[in-house]
Amino acid sequence: MAGVNPPETLETVDASSRAVETDAAQEVLQRVFGYDNFRGLQREIVDQVISGGDALVLMPTGGGKSLCYQIPALVRPGVGVVISPLIALMQDQVDALTALGVRAGFLNSTQYPDERRTVEAQFVAGELDVLYLAPERLKLASTAELLDRGKVSVFAIDEAHCVSQWGHDFRPDYLALSVLHERWPEVPRIALTATATEATRREIAERLDLTGAKHFVAGFDRPNIQYRIEPKNRADQQLLSFIRTEHPGDAGIVYCLSRNSVERTAEFLCRNGIEAVPYHAGLDARTRATNQARFLREDGLIVVATIAFGMGIDKPDVRFVAHLDLPKSVEGYYQETGRAGRDGLPSTAWMVYGLNDVVQQRKMIDSSEGDAAHRRQLQLHLDAMLALCETVQCRRTQLLNYFGQSGTDCGNCDTCLNPPESWDGTVAAQKVLSAVLRLERERGQRFGAGHIVDILLGKSNPKVLQHKHNELKVFGVGTDLRDTEWRGVIRQLLAQGLLAVHGEYGVLTLTEASAEVLFEHRKVMMRREPERVKPPRAAKAKASSAPAVELGPAALDMFAQLRSWRAAVAKEQGVPAYVVFHDATLREIAGRAPTSLAELGAISGIGENKLAKYGEGVLEVVAGSTPADPGGQSQTGPASASGRAGARGSAAPGRRSAAGRESASAALGQARRPAPRSRFEPGEPPPGWDIPDPDFEPPPDEGY
Ligand code: ADP
């Protein structure tokens, strides 16, 4: 576990003056969400917003940002309005809240006019707790008028980094959100993001007019994620072996840079018996929506995607995120890898990286639009990413340092588990630099890395002979290293700024610092890659602050049966499985084998509504799979979930027991609207997803 500094608040909050609201917040946390304690800064944030103050919240993915606005929305009078950039996920967010008994709705262009009118009427009548809106919609005069007709309790600006013009997810419509404060000055605002550099935070505060807000910066460590970066040889094969040996049957995201490699990799996995779907901005909207819906709903599916995929994806049981190409920035890498393990269970962030990645990224920067300052910014981002890849120190500490936080060796990244050796690469560096220098000075020529390596290895291939490079003094001086090792040397020289790469053909040139190595005895230390990278021993050992419940064979069997039951329930209700219960909750159920609703209700993640809705069904599965019950095993499983529950007159999916219904509504003290009808089957986009959608603008996808 990383020895990370405790989360810090920039300002502390005097909670004592808000005892009444705090009690209300605690009560909602337990009753609605089924959690006993706030995590980290949640309580301070919730207090701040409930008392009418503004907040800017920086928390890593999976840190628990949603509760920070959902609880104020439930405690303060009125409706919490959540501005969220991706409308394709709003249905799932609403489904997840509805499953908790929270009255939630959304307004976007996927709806038929009558559906929209219904939600608008519910908002005006105060029959909603939470309303999701796309930022584009908020700009419409009709939306502002609608908000004036109802009562807004809080504005939550989700994914607030979208306001940052230099960021990778910039959305112009976010710039207009500063009007919230002007038009509704009495409504508190909370902006939330997982993107965390000091500069981004300042930019968010300025652009959203949140300079007077309290800033809450959580610890950015994700201890349950194991970070690994390996040398790239044959990326497809490496990926296949990684999935087969470490994550068979697990859900995961594989990121590639180009649309072509997304398609190729998804096909490759399918050909090898691993179910995978592609996702990139070049696919039509319907295919994208279908693939995303399948990923969210099915167990163990892999999505291969460009960075167009992922923002707002809150599937909790993504067990790995793999990068087959180098991300452009540490912020991007951290956001993407953060999508693994939101449920706190052990997960892997795995990446392969090689010389071509560096060459390709530098080429892209050279050819990018924008002024010199913009290119400089891109270059700085890339340098930080390369430093992370080439470090011989703990990767997690390096990541945390990047976000201005400190840590000690974590014991759960590749450099901690399998420390790389460093070696004195000065002579090797001099050989490479000398080859580049001679080509430039003696011949006025520039070549790419492959040709330089051929010269050093003394290969008399046609290109070498054609240019008479076999006559150079450096020809054949590098037979002490192999081809791949020389590529590693060049990659590290590029990463250290001792060599530069330019233009369409990726030619190598010297930098100012090269002279220090060639003529001033500057020492160059390099990372020696292990011959073959073995999966680290502790690969599956770490969980986050809520450790995974260790299960014996009988409990594992029960866990499997609970998952089958959950799959059947989710299918029947047309919601992702995690909306019913998270894996972590099912594991705890399997570990404790509760025999009563009271025991079940004490398990983390089971609030009042879920207890009423699913409690009997869960107890049946538990009873059926407990060895003491002789006939139990054969009666459990998805096929019997509804039937048996029906026989007990209660927990069929989508139905509530009378007792449950009573306690749910009594405790919430409000009349409930009927549970939403099942909107669509897994694999099937909901109605309206093929309608041209003015709200939906996929993030830019570089089609190189
Ligand atoms: P974020 O939006 O920051 O990525 P989420 O709000 O989706 O994170 O929360 C991540 C996970 O942590 C969810 O499964 C959520 O239910 C769980 N969680 C959040 N707060 C708590 C808490 N106080 N106790 C237990 N689990 C929590």
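Start by selecting Ala-554 in this predicted model. Ala-554 sits in helix H23, and with a relative accessible area of 44% it counts as partly exposed. Now add Gly-591 to the selection. The two are 37 residues apart along the sequence, yet their C-alpha atoms are 9.2 Å apart in space.

**Along H23 to its partner**

Keep H23 on screen, residues 553-573, and bring up helix H27, residues 608-625. What should you look for when two helices pack? The usual description uses the angle between the axes and the distance between them. Here the axes come within 10 Å and cross at roughly 145°. The crossing of H23 past H27 is right-handed.

To see who makes the contact, show side chains on both helices:

- On H23, pick Met-558, Gln-561, Leu-562, Trp-565, Val-569 and Gln-573.
- On H27, pick Lys-613, Tyr-614, Gly-617, Val-618, Val-621, Val-622 and Ser-625.

Colour that set by residue type and you get eight nonpolar, four polar and one charged. While you're looking at the helices, here's a handy reminder: an α-helix has 3.6 residues a turn, so residues three or four places apart point the same way.

**The cysteines**

Next, select the cysteines. How many disulfides does a search of the whole structure find? Zero. Zoom in on Cys-410 and Cys-394 to see a pair that might catch your eye. The cysteine sulfur closest to that of Cys-410 belongs to Cys-394, at 3.7 Å. That is too far for a bond, because a disulfide needs the two sulfurs within 2.5 Å.

Is Cys-410 buried or exposed? Cys-410 is buried, at 2% relative accessibility. Hop over to Cys-389 and you'll find another buried residue, with a relative accessible area of 3%.

**An enclosed helix**

Jump back to helix H2, residues 42-50. Turn on a surface for everything else and H2 should be hard to see: seven of its nine residues are buried, so the rest of the structure largely encloses this helix. The buried ones are Gln-42, Ile-45, Val-46, Asp-47, Gln-48, Val-49 and Ile-50. Following H2 comes Gly-52, which has a positive phi near 95°.

**Two unusual backbones**

A positive phi on a glycine is one thing, but most residues other than glycine have a negative phi. Two residues here go the other way, so select each in turn.

Lys-468 is not a glycine, but its phi is positive, about 55°. You'll find Lys-468 in the loop between helix H20 (462-466) and helix H21 (483-495). Lys-468 is partly exposed, with a relative accessible area of 47%.

His-521 also isn't a glycine and has a positive phi, about 60°. Look for His-521 in the loop that runs between helix H22 (514-519) and strand S18 (525-528). How open is this spot? His-521 has a relative accessible area of 73%, which makes it exposed.

**Zoom out**

Finish with the whole chain in cartoon view. There are 30 helices and 18 strands to scroll through. Of the chain's 704 residues, 58% count as buried. Switch to a surface and you're looking at about 28300 Å² of accessible area, 50% of it from carbon and sulfur atoms. One last thing to keep in mind as you rotate: among contacts between residues at least 6 apart in sequence, 75% join residues at least 24 apart.

Conventions: Residues numbered from 1 in each chain as written. Predicted model: local features only at pLDDT ≥ 70, side-chain atom pairs only at ≥ 80, totals over all residues. Heavy atoms only, no water. Axes fitted to C-alpha atoms, helices over the stretch in contact; angles between N-to-C directions. Helix = DSSP H or I, 4+ residues; strand = E, 2+ residues; numbered from the N terminus. Left-handed = near helix turned anticlockwise from the far one by under 90°. Contact = heavy atoms within 4.5 Å. Nonpolar A, V, L, I, M, F, W, Y, C, P; charged D, E, K, R; others polar. Buried < 20%, exposed > 50% of the residue type's maximum accessible area, 1.4 Å probe, protein only. Areas by Shrake-Rupley, 256 points an atom, 1.4 Å probe, with all protein chains shown as cover.
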